[in-house]
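Biologist: I'd like to learn how to read a model like this one. Could we go through it feature by feature?

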Amino acid sequence: MSDALAAEAWAVYRAAECLYDETTVRGAVDRLAGEVTAALAGHNPLLLCPMTGGVVLAGHLLPQLDFPLEFDYIHATRYAGALRGGELTWKVTPTAELAGRHVLIVDDVLDRGITLAALVDFCRREGAASVHSLVLVDKRCRREAAIEADFVGLSTPDRYLFGWGMDYKGYLRNVPGIYAVAEAP
Ligand SMILES: O=P(O)(O)OC[C@H]1O[C@H](OP(=O)(O)OP(=O)(O)O)[C@H](O)[C@@H]1O
């Protein structure tokens, strides 16, 4: 990516509104870990991380799940560096066998719902015994697919977000809080 885009992203970061600071996000992840443990410990679940946004959350959640589980990834994307979603493009399907497994999808954000609905559908078609979903952020917005997550970390207004895995044009996934891009004056 260009230096100009990196500079744009950093300017967006400086002007953005912090919705949740790092301590608050980590607290939400701790709570989610407890909820997942209560629900899925003993079920030998398969955690499925949609790339790329889910990677930061998955990396923080996994070491807090102190029971047998497997981890794999899936790659389906529909924003592709833009601030509005389009068609869902499938890039990678999991290598793990899903049939008969208790699957937990771990993603950064539930927005219009199209991605999560397609992922849940995919897991069911592959024969998963159960499919649960966990998102760090549930955006309060008009869903375009009828879906809600089973485990939710934090809720936000319908603003474009970045940080904790969520990107602004491919940047800012590494920001350690959850931010909303400033609205035009
Ligand atoms: O609810 P939706 O409106 O469908 O949006 C949610 C999805 O959008 C993001 O993925 P994106 O396509 O941006 O790819 P990324 O994970 O590489 O950022 C995010 O990680 C979710 O998977």
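Biologist: Which loop holds N44?

Modeller: This is a predicted model, so keep that in mind as we go. N44 belongs to the loop between α2 (22-40) and β2. Its backbone is worth a look: phi is positive there, about 50 degrees, although N44 is not a glycine.

Biologist: What joins M51 and T52?

Modeller: For a peptide bond, omega is the angle to read. Between M51 and T52 the bond is cis, with omega at about 5 degrees. T52 itself is found in the loop that runs between β2 (46-51) and α3 (55-61).

Biologist: How far is a backbone N or O atom of T52 from an oxygen atom of the ligand?

Modeller: The distance is 3.0 Å. So T52 follows a cis bond and also has a polar contact with the ligand, since the cut-off for such a pair is 3.5 Å. I114 offers a polar backbone atom too, 3.5 Å from a ligand oxygen. With R173 the side chain takes part: one of its N or O atoms is 3.0 Å from an oxygen of the ligand.

Biologist: And how much of the ligand's accessible area does the protein cover?

Modeller: Here you compare the ligand on its own with the ligand in place. On its own the ligand has 490 Å² of accessible area, and the protein covers 94% of that. As for location, the ligand sits in the largest pocket.

Biologist: Which residues come nearest to the ligand?

Modeller: There are 16 residues around the ligand, and those that come nearest are Y79, D107, D108, G113 and T115. Sorted by character, the shell has four nonpolar, five polar and seven charged residues.

Biologist: Which element gives the most to that shell?

Modeller: A good habit is to map the shell back onto the helices and strands. β5 gives the most, with three residues. Both β5 (102-110) and α4 (114-125) supply at least two residues each.

Biologist: What does the UniProt annotation say about residues 27-168?

Modeller: Treat this as a record to set beside the coordinates. The unreviewed UniProt entry carries the annotation "domain: Phosphoribosyltransferase" over residues 27-168. In the model, that stretch is 23% helix and 32% strand, and its end C-alpha atoms are 24 Å apart.

Definitions and conventions: Residues numbered from 1 in each chain as written. Predicted model: local features only at pLDDT ≥ 70, side-chain atom pairs only at ≥ 80, totals over all residues. Heavy atoms only, no water. Near = heavy atom within 4 Å. Polar contact = N/O pair within 3.5 Å; in protein donor to acceptor, adjacent residues only side chain to side chain. Areas by Shrake-Rupley, 256 points an atom, 1.4 Å probe, with all protein chains shown as cover. 1 Å grid on protein atoms, 1.4 Å probe; cavity = no way out; pocket = protein on both sides within 12 Å on 5 of 7 lines; lining within 4 Å. Sits in = over half its atoms within 2 Å of the grid points. Helix = DSSP H or I, 4+ residues; strand = E, 2+ residues; numbered from the N terminus. Nonpolar A, V, L, I, M, F, W, Y, C, P; charged D, E, K, R; others polar. UniProt positions renumbered as here; feature names shortened; annotations may be inferred.
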